[in-house]
Amino acid sequence: MSKHHNYIAGEWTSSDEYQQNINPSNLSDVVGEYARADAAAAQRAVDAAAEAFAAWQHAGIQQRADILDKVGSAIIARKEELGRLLSREEGKTLAEGIGEANRAGQIFKFFAGEALRIQGEKLASVRPGIEIELTREPIGVVGIITPWNFPIAIPAWKIAPALAFGNCVVFKPADLVPGCGWAIAELLHEAGIPKGVFNLVMGRGSVVGQAMIRSPHVQAITFTGSVDTGRSIAVQCAQAGKKVQLEMGGKNPLVVLDDADLKVAVNCAIQGAFYSTGQRCTASSRLIVTEGIHDAFVAAMKEAMAKLVVGDALQPATQIGPAVDASQLEQDLRYTQIAGEEGAEIIGGQPVERDTKGYFLEPALFVGTHNGMRINREEIFGPSASVIQVKDYDEALTVANDTEFGLCSGICTQSLKYASHFKRNAQAGMVMVNLPTAGVDYHVPFGGRKGSSYGPREQGRYAAEFYTSVKTAYVAP
Ligand code: NAD
């Protein structure tokens, strides 16, 4: 069994403890053993990053661009292998895993370009003869903490901009899925990243994550994960005066109006709710359907769900892989039980057995629900969605916005009037018209409102807001 070490100050560094990375489609398949670092290792990584920053912040943009471009090309060239690793450790289908790996490569290449396009502004002063220059400078050491559900894309969309804008990085992947994060570290090493500029420290959030957050040498924390963890990190960062960016949960609505193309609406709902086993912050978990199309929509959903193939993520026919681990499976089944107790009609949602022992379950549709139910307030993070019947568009919009979250809102309609109104009035960071709520491009901002996000947007040109600090210089002749 190969042991995967931490990457600190340009060296592969062994650890006292290692943990097994287990394939959720086949519990007898061990993907590898990965270091479980202690706080001292995290501190060494932070120190290495702080030391490297002095040189890296002034390294030419060509060097940064070249390294990021090399990593991007290498990921794309190896997307089948990396996608397979991803599917093996996280349980996404192979097609989804390869797609995510490819996207990670594209993100690195996008930020290779951004390194060359760092912009400033020149303005006249209100005092004659003086000129003002606005420039963007790196922040310093950025601590990156990522969740398990996008093991390669989320690390990519944090690491690539951090490095592109001249910061040094200490990266802690989710302890459940360290394999893809480790692969990124290997590719950065091979691409010639200078010693200490990028460090990988694997292990528990409460140990490694906390050591990063507490270190005075870390100037910024970017976090994606659950709401409770995110909020506590925000409090710590505020107290310590660190810059912080959080991407957290969702309870995303997909509105289906009477005039929707039924095929499009069902496709959006099936993909948005159930693909990636529903383990996406952008998953459509509330299907808000007007009364004229409700019965036809539910009937078509039942028919489509009956055809979905649940199974081993690596099998080509599989459309829905397993839950990521035992506790996520248990949570999914618990919410199905709650749905029953709250009076919903339940379609599917049962655990299923396959040739190998894994965390398999059927997608679940909860019909006859209302927006006050727990299943419609709390993030489940499994392959389940509720149908909420409403009278008309106005009620649909009210229900869609009646949530503590605001990541992505979708609508299926053929009416320009309603689509335009929804785009303007949905309280969400992202809006989809006749598209699934999950599934975004890599070159435009990603993020939400209300309880879903905190701090500047990620991705696209807007990433510069978080990863740089603006300087205003006044120059007299
Ligand atoms: P989580 O909050 O349990 O863990 C996220 C990361 O934080 C992990 O690396 C974990 O080790 C670390 N962590 C845990 N406790 C910590 C602590 N006390 N201090 C520092 N770090 C700590 O979340 P998860 O279960 O890995 O991911 C699922 C959640 O992520 C869901 O709620 C989902 O909605 C959310 N998510 C959000 C987005 C988004 O962009 N909005 C994207 C993907 C996932």
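What follows is a conversation about how some labels in this predicted model are earned.

Reader: Let's start in the helices. Why is Cys237 called buried?

Author: Buried means under 20% relative accessible area, and Cys237 has 0% relative accessibility, so Cys237 counts as buried. The residue sits in helix α8, which spans residues 227-240.

Reader: What touches Cys237, leaving out residues up to four places away in sequence?

Author: Cys237 touches Ile213, Ile221, Lys242 and Val244. To call something a contact, heavy atoms must be within 4.5 Å. As for Arg214, 23 residues apart from Cys237 along the chain, the two C-alpha atoms are separated by 8.4 Å.

Reader: Which residues of α7 are buried, and what covers them?

Author: In α7, the buried residues are Val208, Gly209, Gln210, Ala211, Met212 and Ile213. Their cover includes α1 (39-56), β8 (141-145), β9 (168-172), β11 and α8.

Reader: Now to the ligand. Which element supplies the largest share of the shell around the ligand?

Author: That is α7, with four residues. Helix α7 (205-214), β11 (220-224) and α8 each supply at least two residues of that shell. In total, 28 residues surround the ligand, and the closest are Thr146, Ser226, Met248, Cys281 and Glu379.

Reader: What makes the pairing of Thr146 with the ligand a polar contact?

Author: The cut-off for a pair of N or O atoms is 3.5 Å. An oxygen atom of the ligand is 2.7 Å from a polar backbone atom of Thr146. That value is within 3.5 Å, so the pair qualifies. Two other pairs can be set against that cut-off: a ligand oxygen is 2.9 Å from an N or O atom in the side chain of Lys172, and a ligand nitrogen lies 2.7 Å from a backbone N or O atom of Met248.

Reader: How much of the ligand does the protein cover?

Author: The ligand on its own has 850 Å² of accessible area, and the protein covers 86% of that. The space taken by the ligand is the largest pocket.

Reader: Glu379 was among the closest residues. Why is Glu379 called partly exposed?

Author: Partly exposed lies between the buried limit of 20% and the exposed limit of 50%. The relative accessible area of Glu379 is 26%, so Glu379 is partly exposed. You will find Glu379 in the loop between α12 (374-377) and β17 (384-390). The side chain of Glu379 reaches the backbone nitrogen of Gly250 at 3.0 Å. Beyond its neighbours within four places in sequence, Glu379 is in contact with Gly249, Gly250, Lys251, Cys281, Gln331 and Tyr335.

Reader: What is noteworthy about phi in Ala9 and Thr277?

Author: Most residues other than glycine have a negative phi. Ala9 has a positive phi of about 50° although it is not a glycine, and phi of Thr277 is near 55°. Ala9 is in the loop between β2 (6-8) and β3 (11-13), while Thr277 is in the loop between α9 (262-274) and β14 (284-290).

Reader: Are those two residues buried or partly exposed?

Author: One of each. Ala9 counts as partly exposed because its relative accessibility is 22%, whereas Thr277 is buried because its relative accessible area is 1%. The dividing value is 20%.

Reader: How do you know that Thr93 is buried?

Author: Its relative accessibility is 5%, which is under 20%, so Thr93 counts as buried. Thr93 lies in the loop between α3 (79-90) and α4 (94-116). Its contacts include Ser87, Ala313 and Thr318.

Definitions and conventions
Residues numbered from 1 in each chain as written. Predicted model: local features only at pLDDT ≥ 70, side-chain atom pairs only at ≥ 80, totals over all residues. Heavy atoms only, no water. Buried < 20%, exposed > 50% of the residue type's maximum accessible area, 1.4 Å probe, protein only. Near = heavy atom within 4 Å. Polar contact = N/O pair within 3.5 Å; in protein donor to acceptor, adjacent residues only side chain to side chain. Areas by Shrake-Rupley, 256 points an atom, 1.4 Å probe, with all protein chains shown as cover. 1 Å grid on protein atoms, 1.4 Å probe; cavity = no way out; pocket = protein on both sides within 12 Å on 5 of 7 lines; lining within 4 Å. Sits in = over half its atoms within 2 Å of the grid points.
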